[in-house]
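This note is written for a colleague who is meeting the structure for the first time. Please read the numbered points beside the sequence and the model.

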Amino acid sequence: METTKVWFVTGASKGLGLALIKKLLEQNYRVAATTRNVQTLIDEIGNASETFLPLEVSLTDDENVKSAIEKTVEHFGQLDVVVNNAGYGQLGTLEELSDKEARANFDVNVFGTLNVIRNAMPHLRNQGSGHIFNISSIGGYSGNFPGWGIYCSTKFAVAGLTEALAEEIKDFGVKATVVYPGYFRTDFLSKESVRTPENSIPEYEAARNSEQAHLDEINGNQPNDPDKGAEAIIAISEVENPPVHFLLGSGTDEYLNNKIQIITGDAEKWSDLTFSTVI
């Protein structure tokens, strides 16, 4: 009898992560879910069982991540799908944000993802199968959001490392997909979740307007349903040849097309200088 796949999902106590683990359990998958406070997961889902393993994990601690992966394999006997979903939004222009604020965002969004990949890959490589989903953002494809530069750059990094990862692991039968979600109705933009700059500079009017729009107007009115997003990720996990790049949610195609047009336009406009470097 074929056993159901085992998923390892980070950032699972709220938002898209919580929607995903609920859908997975509904569809009889087995799930290890991580959060910074395990009680929040227990309150939402329940205690550890044959199908569910809640784990309290600090993603910036490599040894802690390694232990969580090992506990997952020990509990379920295997590991099949990894979802790097944990992360947070950092508002602030590049001038405003301190080195400490910028590095903290990279530590969670990028280096936390790398910690999971580094410790999950030996298991996936040895069994010759598996799938890693790295959750980026549409801001990891199009970064022209004033006041979101550091956050977008972390998500660009996630996209870039996933492209390389997909090439590195394909010979082992392991897949990698970077997911670019658009605006989903989660608490990502709530004042309790997103971080604002410790020392703002009032001259950055465009950034302040963007900040206000996201926190006061877009928050709670996002067009996309996280349950539907979770179902789409699960569907991608079951196809034989999944995409490396996956746009998730309405509105993402607009960002895709706009950036293609901008880059193509710039390339065509400045092609004389581009090719003038040829000897």
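1. Val-179 has its place in strand E6, which covers residues 174-181. The model is a predicted one. Val-179 counts as buried because its relative accessible area is 0%, and buried means under 20%. Its C-alpha atom is 6.9 Å from that of Phe-133, although 46 residues separate Val-179 and Phe-133 along the chain.

2. A second pairing across the sequence involves Arg-125, a residue of helix H4 (residues 99-127). The C-alpha atoms of Arg-125 and Ile-169 are separated by 7.7 Å, with the two positions 44 residues apart along the chain. Arg-125 is partly exposed, its relative accessible area being 38%.

3. Helix H1 runs over residues 15-26 and contains 12 residues. From first C-alpha to last, H1 reaches 17 Å, close to the 16 Å expected at 1.5 Å a residue. Its buried residues are Leu-16, Gly-17, Leu-18, Ala-19, Leu-20, Ile-21, Lys-23 and Leu-24. Just after H1, Asn-28 adopts a positive phi of about 70°.

4. The structure contains eight salt bridges. Within H1, Glu-26 and Lys-23 form one of them, and their closest N and O atoms are 3.9 Å apart. These two residues are separated by about one helical turn, because they lie three residues apart in the helix. Glu-26 is exposed, with a relative accessible area of 57%, whereas Lys-23 is buried at 15%.

5. Lys-23 also forms a salt bridge with Glu-231, where the closest N and O atoms are 3.0 Å apart. This pair links distant parts of the chain, since Lys-23 belongs to helix H1 and Glu-231 to helix H7 (residues 226-237), 208 residues apart. Glu-231 is partly exposed, at 32% relative accessibility. Lys-23, Glu-26 and Glu-231 are thus linked in a network of salt bridges.

6. A further salt bridge joins the side chains of Glu-96 and Arg-208, at 2.6 Å from N to O. Glu-96 lies in the loop between strand E4 (81-84) and H4, and Arg-208 in helix H6 (residues 205-218), so the bridge ties together parts that are 112 residues apart in sequence. Glu-96 counts as buried, at 5% relative accessibility.

7. Finally, Asp-61, Glu-63, Glu-70 and Glu-74 form a negative surface patch. Of these residues, Glu-70 is found in helix H3 (residues 62-76). Glu-70 counts as partly exposed, with a relative accessibility of 41%.

Note on methods: Residues numbered from 1 in each chain as written. Predicted model: local features only at pLDDT ≥ 70, side-chain atom pairs only at ≥ 80, totals over all residues. Heavy atoms only, no water. Patch = residues over 30% accessible without salt bridge, like charges linked within 9 Å, V, L, I, M, F, W, Y side chains within 5 Å. Areas by Shrake-Rupley, 256 points an atom, 1.4 Å probe, with all protein chains shown as cover. Salt bridge = Lys/Arg side-chain N within 4 Å of Asp/Glu carboxyl O. Lys, Arg positive; Asp, Glu negative; His and termini not counted. Charge placed at Lys NZ, Arg CZ, Asp CG, Glu CD. Helix = DSSP H or I, 4+ residues; strand = E, 2+ residues; numbered from the N terminus. Buried < 20%, exposed > 50% of the residue type's maximum accessible area, 1.4 Å probe, protein only. Expected span 1.5 Å × (residues − 1).
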